[in-house]
Amino acid sequence: MKMLSNIYTRCAVAVVVLVMITACGVKKSGTPAEFANLSNLMNNGETIRIEMNAAYPLNTFASQQVINQIMRNTGDTANRIDLTGDGAFLEFSADTVSADLPFFGERRQGGGYNNTQDSGIFFEQAPEDYQFAANESDLQYDVDFEANNKTENFDVNVVVFANGSATVYVRSSARTVIRYDGRVVSTSDTE
């Protein structure tokens, strides 16, 4: 009987710990004052520049094994590649979007593996289907637009947090999905 009571006690403790862990939730990324500053930038039509510091490619298991062998002892893995200082960026406003992003995933259709202009994600144009919305409860802005270059179309989703961090998802008509993390920087610093 004592053994059964001990099992019930352990199960009860495990349930309480799980509830506590799941109840913690995700912390908001910024303060209301930071969100007000971001809202000024977004609503005034300012160009937002995000400089990327990491890429998270989506690779198949076979590719992951090969890439991890190639990147051994570099600090990078097939799942996360450090872009700090590489100049990778995304700029957007309602009038124009531009990107110069390296790509580390898999191509699904033929492309120019030998052409350096075709290996990354490059575009500079007026956006198609540009939409942005404030999410005040999470202190963030969600931005969606479509872009293209000569050979493929891109569906870009950006989440800009009040504290200046950003997450960018790029879906391509010819490549696997890739996610980038970065920081919003002043466009006057880059000119």
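**Salt bridges in the predicted model**

Let's start with one pair in this predicted model: Glu152 and Arg175 form a salt bridge, with their closest N and O atoms 2.7 Å apart. The two partners come from distant parts of the chain, 23 residues apart. Glu152 sits in the loop between β7 (140-148) and β8 (153-161), while Arg175 belongs to the loop between β9 (165-172) and β10 (178-185). So here a salt bridge links one loop to another, and both Glu152 and Arg175 are buried.

How many salt bridges turn up when the whole structure is searched? The search finds four. Arg49 takes part in a little network of them, together with Glu51 and Glu91.

On one side of that network, the side chains of Arg49 and Glu51 meet in a salt bridge, at 3.3 Å from N to O. On the other, Arg49 pairs up with Glu91, and the closest N and O atoms there are 2.7 Å apart. This Arg49–Glu91 pair ties together distant parts of the chain, 42 residues apart: Arg49 lies in strand β1 (residues 48-57) and Glu91 in strand β3 (residues 89-92).

Which of the network's members are buried, and which are partly exposed? Arg49 counts as buried because its relative accessibility is 11%, and buried means under 20%. Glu91 falls under that cut-off too, at 18%, so Glu91 also counts as buried. Glu51, with 33% relative accessibility, counts as partly exposed. In short, the buried Arg49 has salt bridges to a partly exposed partner, Glu51, and to a buried one, Glu91.

Note on methods
Residues are numbered from 1 along each chain as its sequence is written. This is a predicted model: local features need pLDDT of at least 70, side-chain atom pairs count only at pLDDT 80 or more; totals for chains, interfaces and linings use all residues. Side-chain values use heavy atoms; hydrogens and water are left out. Buried means under 20% relative accessible area, exposed over 50%, partly exposed in between (1.4 Å probe, protein chains only). Helices (H or I, at least four residues) and strands (E, at least two) are DSSP runs, numbered from the N terminus.
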